[in-house]
Amino acid sequence: MKILHLDSSINHEFSVTRQLSAEIVKQLMATGQEHQLTYRDLVKDEISHLTGEIASGFRPVAGRPIATAELESERQLSDALVSEFLETEMIVLGAPMYNFSVSSQLKAWMDRIAQPGKTFSYTPTGPVGLAEGKKVIIASARGGFYSGTTLENMDFQEQFLRKFLGFLGISCVEIVRAEGASKGEEVKLREISRALSLIPRAINAVSAAKE
C-alpha cells in the first residue's frame with residue numbers, strides 16, 4: 001500500500017498534529033504489510049500559493065502567461081503533486097485548525113491537487129470526483145473545544161476537509177482529534193492521550209471500509 005504522509009503545522013516539534021500523524025503512520029507501517037511511504041512537510045518545503053500564472057499550468061485561465069523557466073518549474077511541481085496524490089491509496093494528513101480553518105500551507109497543496117480532468121471533472125449533471133477509492137486519516141488539533149459545543153458552527157477546518165475530499169471522490173475519511181491544546185498543559189496532555197488511544201480504531205475503520 002502506498003501511504004502519503006502530510007504535515008502542515010507551523011509549530012514543528014511542539015505540534016500536536018505532527019505527533020498524532022507520526023503515530024498514525026507508525027501504527028500503519030507496523031501492520032505487517034508491505035507499505036511504501038512518501039512524506040511531505042508542507043511548512044518546511046512550502047508550496048507557492050496559487051496565482052493565475054501557476055494555475056494556467058493545469059486549468060484554463062484568461063490571458064495565458066508567457067512561458068518562463070519559473071512557470072515551467074511550477075507546472076512540473078503541480079504535475080508531481082497531483083501524480084503523487086493519485087498514486088496514493090492511504091493519506092495521513094496532519095491538519096491543525098488555524099483561525100477556524102486549515103493552514104495556508106495546506107490550502108496551497110489542496111489548490112494544486114484540485115485539477116479538472118485529473119482529480120475531478122465537470123459533467124452535465126455537476127462535478128464528479130475522480131480520486132475515489134482512497135482512504136484518509138486526518139490528525140486534527142484545535143486550541144479550544146468545538147466538537148459538540150456551541151462553537152461547532154465555527155469549524156471550517158474538518159468540515160472543509162471532508163467536503164473538499166468528497167468533491168474529489170473520497171468518502172472514507174476518519175478523524176483523530178485533540179482539542180483544548182491552548183487550555184493549559186494538563187488539558188492538552190489529557191486530550192493528546194485520548195486522541196492517541198483512538199488511532200487503532202481509526203486505522204481499523206479505514207482498513208475495513210470498501211470503496
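**Group meeting: a cavity, a pocket and two helix pairs**

Hi everyone. Helix 5 is where I'd like to begin: helix 5 gives three residues to the lining of the largest cavity, the most of any element. Please keep in mind that this is a predicted model.

So, how many cavities of 30 Å³ or more are there? The count comes to one. The space in this largest cavity is about 70 Å³. Two or more lining residues come from each of strand 3 (90-96), helix 4 (104-113) and helix 5 (158-167).

If you want to find the cavity on the screen, look for Phe-85, Ile-91, Leu-93, Trp-109, Met-110, Val-136, Leu-161, Phe-164 and Leu-165, which line it. And what classes do these lining residues fall into? Nine are nonpolar, with no polar and no charged residues in the lining.

Now let's stay with helix 4 and helix 5 and see how they pack. Their axes come within 12 Å and cross at roughly 15°. Angles under 35 degrees count as roughly parallel, and helix 4 and helix 5 are therefore roughly parallel to each other. The crossing of helix 4 past helix 5 is left-handed. On the helix 4 side, the contact uses Leu-106, Lys-107, Met-110 and Ile-113, and on the helix 5 side Phe-160, Leu-161 and Phe-164. By class that gives six nonpolar residues, no polar and one charged. You may recognise some names here: Met-110, Leu-161 and Phe-164 belong to this helix contact and also to the cavity lining.

Next, the second helix pair. Helix 1 (residues 16-29) and helix 6 (residues 185-197) have axes that come within 10 Å and cross at roughly 20°. That angle makes helix 1 roughly parallel to helix 6. Which hand does this crossing have, left or right? Helix 1 passes helix 6 in a right-handed crossing, whereas the crossing of helix 4 and helix 5 is left-handed.

Helix 1 brings Val-16, Gln-19, Leu-20 and Glu-23 to the contact, and helix 6 brings Lys-188, Ile-192, Ala-195 and Leu-196. Sorted by class, the contact of helix 1 with helix 6 has five nonpolar residues, one polar and two charged.

Val-16 takes us to my last stop, the largest pocket. Val-16 is one of the residues lying nearest the pocket centre, together with Asn-11, Ala-141, Gly-143 and Ala-181. The pocket lining has 14 residues in total, and the pocket holds about 210 Å³ of space. Its lining is made up of seven nonpolar, five polar and two charged residues, while the cavity lining has nine nonpolar residues and no polar or charged ones.

That's my tour, and thanks for listening!

Technical notes:
Residues numbered from 1 in each chain as written. Predicted model: local features only at pLDDT ≥ 70, side-chain atom pairs only at ≥ 80, totals over all residues. Heavy atoms only, no water. 1 Å grid on protein atoms, 1.4 Å probe; cavity = no way out; pocket = protein on both sides within 12 Å on 5 of 7 lines; lining within 4 Å. Points joined across faces, edges and corners; volume = space filled by probe spheres on them. Helix = DSSP H or I, 4+ residues; strand = E, 2+ residues; numbered from the N terminus. Nonpolar A, V, L, I, M, F, W, Y, C, P; charged D, E, K, R; others polar. Axes fitted to C-alpha atoms, helices over the stretch in contact; angles between N-to-C directions. Parallel < 35°, antiparallel > 145°, perpendicular 65-115°, else oblique. Left-handed = near helix turned anticlockwise from the far one by under 90°. Contact = heavy atoms within 4.5 Å.
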